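Hi everyone, thanks for making time for this one. I'll put the model up and then walk you through it, chain by chain.

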Amino acid sequence: MTHSELELQVDAYLDGELAAQDARELEAHLKECRDCSHLRDSRLALGTAIRAEVPAFRAPDELRNRVRTALKSSAQVPTSGRPMPRGWLPLALAASLTLVAFGTWQLASARSAGAALGEQVLASHVRSLMPGHLTDVVSSDQHTVKPWFNGKLDFSPPVYDFAGKGYPLIGGRLDYIGDRPVAALVYGRRQHFINVFLWPVSRGSAGRPDATTRQGYHLLHWSTPEFAYWVASDLGLAELDEFARMLRDS
Amino acid sequence: MKPRDLGRFEAIVLPHLDAAYTLARYLTRHEHDAQDVVQDAYLRALKYFDGFRGAEATDGRAWLLTIVRNTAFSWRRRYRQEANAAEFDEQLHSQSVEDVHPDTTLSDASARESLHQAIDRLPAEFREVIVLRELQGLSYKEIGEVTGVPVGTVMSRLSRARSRLQRALVTDQEGR
């Protein structure tokens, strides 16, 4: 091996990018070769000096505001896309009105952690009702939906179909709530959709569901020892309770 | 953009503003240019976001930094010539690695400026790998994605960039 090849190896070794076998061979070499162990030491010193002396910058507030403003105004430009299917129009309209109303309400609301999560759940539910957003995988078969999440999440969500009881499984979707990717399962009840959001919790409790109503949508929240559950729908509270009971008893 | 995509964008891409600014700052070597580049890059990112398939915030970093880097380069071509920028002079700093001793006192108060200057003097393709690796901790694979070169090239650029920094430091300190 030439000197410059060895140099690459030493750098890759210190960066943790050398394969285990190569790393072992290099370690043996470092014990014997004074030049290479010198190089290693000076590289370590250089790395330490860079981290200590050369700053990673924090974006100035001015830039932060500029980016947010630019995003906001460019996001308002309507994207020229496919025409909306007719049946979706009232639903989408209602959903966008809800978003506006939700925005106003959001300003006034108290921001406890639970309330903040509820906000996110409601926003995700409303977004999911917009055309083309309800499901990433469409299937009424729980054995199709569950494996679909493999490799997309760091947990495997329990998936059940309640078609026999009038709540058919429609599909699943990835969503993002509380700073983490979560599983969203979609169920139907007549013309209504139910979103079930779930993600693992480290210390769950087996409490009764909390119910809240926001902007005409009902939110139910509870935990099992393993998962946090949020259910959102415009379905009547009585039926949503029935659905939640089936989910909890599964 | 649809509200749901905007929400995803805010969760996946927006958290990397500091990283984007740091890279732009070192590539442009100018505070205000860096701000313009980052703003421009975010608008481009928003435009291309449809094609991005990552689901987590960590996925967005290399993707965004790629856009920042390309924006910085095309921006520089458009607005600024590097004619007056003092690039690192290979002839002047051609000391070999064997001359570098580990007991060189890098913690010297003078080191801060000279190390920073040495990074600024590196050619852009060396400067970017140093920033991505040392300041932002990207893997070789991610650096390859951002800079558009194979991992082997990342390895050799990083190694050569470090050797240059060490030589520059030694030269600098001996010159005092």
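In chain B, 74% of the contacts with a separation of 6 or more are between residues 24 or more positions apart. For chain A, the corresponding share is 50%. Please keep in mind that this is a predicted model.

Let me stay with chain B for a moment. Its secondary structure comes to eight helices and zero strands, so to speak an α-α-α-α-α-α-α-α run from the N terminus on. Of the 176 residues in chain B, 41% are buried.

The helix I'd like you to look at here is H2(B). It has 12 residues and reaches 16 Å from its first C-alpha to its last, close to the 16 Å expected at 1.5 Å a residue. Is H2(B) mostly covered or mostly uncovered? Mostly covered: 10 of its 12 residues are buried. The buried residues run through Ala19(B), Ala20(B), Tyr21(B), Thr22(B), Leu23(B), Ala24(B), Arg25(B), Tyr26(B), Leu27(B) and Thr28(B). Just after H2(B), you'll find Arg29(B) with a positive phi of about 60°.

Now over to chain A. Here we have eight helices and seven strands, and buried residues make up 29% of the 250 residues.

Helix H1 of chain A covers residues 3-14. Its 12 residues reach 17 Å from the first C-alpha to the last, close to the 16 Å expected at 1.5 Å a residue. Which residues of H1(A) are buried? They are Glu7(A), Gln9(A), Val10(A), Asp11(A) and Ala12(A). Just after this helix, Gly16(A) takes a positive phi of about 70°.

Next, the strands. Strand S3 of chain A, residues 180-189, runs antiparallel to strand S4, residues 192-200, and seven bridges join them. The two form a hairpin with two residues between them, and Arg190(A) in the turn has a positive phi of about 50°. Beside that turn, Arg189(A) stands opposite His192(A) in S4(A). S4(A) also pairs with strand S7 of chain A, residues 227-233, again antiparallel and joined by seven bridges. On that side, Pro200(A) has Phe227(A) in S7(A) as its bridge partner.

A residue worth clicking on is Val196(A). Leaving aside its neighbours within four places in sequence, Val196(A) is in contact with Ala184(A), Leu185(A), Tyr187(A), Tyr229(A), Val231(A) and Leu247(A). Which residues touch the most other members of the largest nonpolar core, with its 90 residues? Val196(A) is one of them, along with Ala20(B), Leu23(B), Ala24(B), Val38(B) and Val68(B). Three of those names should sound familiar from H2(B), where Ala20(B), Leu23(B) and Ala24(B) are among the buried residues.

That takes us to how the chains meet. The contact takes 45 residues from chain B and 42 residues from chain A. On chain B, the helices that each supply at least two residues to the side touching chain A are H1 (3-12), H2 (17-28), H3 (31-48), H5 (111-121), H6 (124-135) and H8 (151-174). Which of these gives the most? H8(B) does, with eight residues. By residue type, that side of chain B divides into 23 nonpolar, 11 polar and 11 charged.

That's my tour, so over to you for questions.

How values were computed:
Residues numbered from 1 in each chain as written. Chains lettered and ligands numbered in written order. Predicted model: local features only at pLDDT ≥ 70, side-chain atom pairs only at ≥ 80, totals over all residues. Contact = placed C-beta atoms within 7 Å. Helix = DSSP H or I, 4+ residues; strand = E, 2+ residues; numbered from the N terminus. Nonpolar A, V, L, I, M, F, W, Y, C, P; charged D, E, K, R; others polar. Expected span 1.5 Å × (residues − 1). Buried ≥ 20, exposed ≤ 12 C-beta atoms within 10 Å, placed from the backbone. Pairing = 2+ DSSP bridges. Core = buried A, V, L, I, M, F, W, Y, C linked by C-beta atoms within 7 Å.
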